[in-house]
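Here is a short briefing for a reader new to this structure. Take a look at the model, then go through the points below.

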Amino acid sequence: METLTGMGPHLQINLERLKSTLLELSRIGFNDDDNGVYRVGFSEADMDARRWLMGLLEAEGFRPTMDGAGNVYGRLGASDLPSVTVGSHLDTVPAGGMFDGALGVVSALEVLRTCRDHGLEPRWPLELLATSEEEGRYGGMLGAQAIAGGLTPGVILGMHDADGNRLSDAMTAAGLEPLGALEARRLPQSMRAFLELHIEQGPVLERLGKTIGVVDGISGVFKWIVRLIGKADHAGTAPMNMRSDAFMGLADFAHEIPRIIDEDGTDRSRLTVGKVELKPGSPHTIPGEALFTLVGRDSDENVMQELCNSCRKSLSAIARRHNLRFEYEQISWLAPMKCDPDLVESLERQAAALGLSFVRMPSGAGHDTQFLSEITRAGLLFVPSVGGVSHSPDEWTHWSDIESGANLLLNAAVTLATEG
Ligand SMILES: [Zn+2]
């Protein structure tokens with residue numbers, strides 16, 4: 001197996017088998033009305049998919065287990081040695097596509113199957129992981145956070161979705177004891193590495209004409225709720241120069257965003273105003289208040305800080321100019337994560353050895369990998385999303401790209417499971 005990274009024969013996954021398993025999974029939670037997949041975390045369809053996967057693992061001798069957070073595991077090799085773990089999430093957004101998360105889980109199964117077919121007995125066991133509630137109905141990456149040991153009873157019991165439904169009720173209905181998620185924690189010494197194959201969910205690989213993205217880090221994210229407060233007045237009687245129009249402040253800030261990124265950001269920076277509410281919200285009344293979200297991202301935490309400072313200064317200046325008051329609240333701050341540099345280089349070497357075109361890139365979206373990286377060396381691979389589309393029934397990735405990605409995943413996992 002030592003020759004796998006060099007000129008030796010490479011292992012090959014069985015694309016037809018991968019394809020039929022992935023298509024079978026895409027029927028679980030499939031909605032005929034909009035052609036979307038509905039496997040929202042801990043829903044009936046989500047749990048059906050977990051039981052379906054465990055049935056497959058059992059039938060093929062991969063010893064399935066489910067932990068207290070609903071994560072499903074399968075294993076090839078010894079039970080008592082640290083694993084090389086491969087996987088992704090099984091849940092989807094409402095009306096999601098058939099590749100997001102599912103591709104990484106089914107590819108992990110294909111890694112186990114291919115090794116079994118070749119009678120490989122790697123030094124370290126290969127483990128499949130299908131995580132739970134990654135998409136964030138209740139907050140996101142619950143299964144991965146549980147594995148990393150990042151949950152507390154207060155967090156678990158306090159989580160609820162946008163409609164006020166509690167995570168603990170959903171877990172109970174799914175047959176799980178909510179605080180059992182605390183028992184899902186894995187110790188660093190129980191895992192040698194984690195690898196995830198995922199669709200890019202963006203347009204970069206397709207535009208560059210590359211097959212593989214080797215992710216070197218996941219962007220950090222901050223979220224603000226901003227409030228610009230002016231004065232609601234009659235839209236007819238208040239002269240233009242005597243207004244405190246909160247919308248004008250918001251509009252000015254929107255125009256400042258490209259400058260802020262040019263001056264204080266990087267090509268990996270993003271600033272987005274995604275949700276806006278004007279009050280009182282009447283066509284004939286000057287908006288007395290503009291309430292909006294501001295989400296910023298970068299792969300460097302210092303740059304994130306700079307972006308925050310710059311947004312604050314800009315909003316203060318705009319508020320003065322329009323005679324407004326400016327308030328904001330930071331709702332969340334998620335630090336950026338760097339993938340293990342040696343693992344990134346090794347994935348690039350193996351992509352080259354397999355003759356695949358690849359590029360090193362950041363991930364602008366969060367993934368399970370970022371929490372797994374807290375306990376082990378973690379690597380993330382992307383394959384192209386057609387048109388950059390994701391979280392939609394129109395999500396598509398070409399089978400040839402899936403084959404390339406799964407082959408890279410397989411050879412990388414076997415190399416890690418073979419090394420001393
Ligand atoms: Zn995903």
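**Briefing: strand 9, the zinc site and helix 2**

Leu278 lies in strand 9. The model is predicted. Three topics follow: a surface patch, a metal site and a helix.

**Nonpolar patch**
- Leu278 has a relative accessibility of 31%, so it counts as partly exposed, a class that runs from 20% to 50%.
- Leu278 joins Phe247, Met248 and Val276 in a nonpolar patch on the surface.
- Together these residues have about 310 Å² of accessible area.
- Helix 8 (246-264) and strand 9 (276-279) each give two or more residues to the patch.

**Zinc site**
- Three residues supply the protein donors of the zinc ion: His89 (NE2), Asp100 (OD) and His198 (NE2).
- The donors lie 2.0 to 2.2 Å from the zinc ion.
- Their spacing in sequence is H-x10-D-x97-H.
- His89 sits in strand 3 (residues 83-89) and His198 in strand 5 (residues 191-199).
- These two histidines are 109 residues apart, so the pair links distant parts of the chain.
- Both His89 and His198 are buried.

**Helix 2**
- Helix 2 covers residues 44-59, 16 residues in total.
- From first C-alpha to last, helix 2 reaches 22 Å, close to the 22 Å expected at 1.5 Å a residue.
- Its buried residues include Ala45, Met47, Trp52, Leu53 and Leu57.
- Asp46 and Arg50 of helix 2 are buried too.
- The cover over the buried residues of helix 2 includes helix 1 (15-26), helix 3 (102-117) and strand 4 (126-131).
- Strand 1 (65-66) and strand 2 (72-76) are also part of that cover.
- Gly61, just after helix 2, has a positive phi of about 80°.

Terms used. Residues are numbered from 1 along each chain as its sequence is written. This is a predicted model: local features need pLDDT of at least 70, side-chain atom pairs count only at pLDDT 80 or more; totals for chains, interfaces and linings use all residues. Side-chain values use heavy atoms; hydrogens and water are left out. Donors are N, O and S atoms within 2.8 Å of the metal (3.2 Å for Na, K and Ca); water is not among the atoms, so sites may look incomplete. Helices (H or I, at least four residues) and strands (E, at least two) are DSSP runs, numbered from the N terminus. Buried means under 20% relative accessible area, exposed over 50%, partly exposed in between (1.4 Å probe, protein chains only). Patches are made of residues with over 30% relative accessible area and no salt bridge: like charges are joined within 9 Å, nonpolar side chains (Val, Leu, Ile, Met, Phe, Trp, Tyr) within 5 Å. Accessible areas come from the Shrake-Rupley method with a 1.4 Å probe; for residues, only the protein chains shown count as cover. A salt bridge is a side-chain nitrogen of Lys or Arg within 4 Å of a carboxyl oxygen of Asp or Glu. The expected span of a helix is 1.5 Å times one less than its number of residues. Contact means heavy atoms within 4.5 Å.
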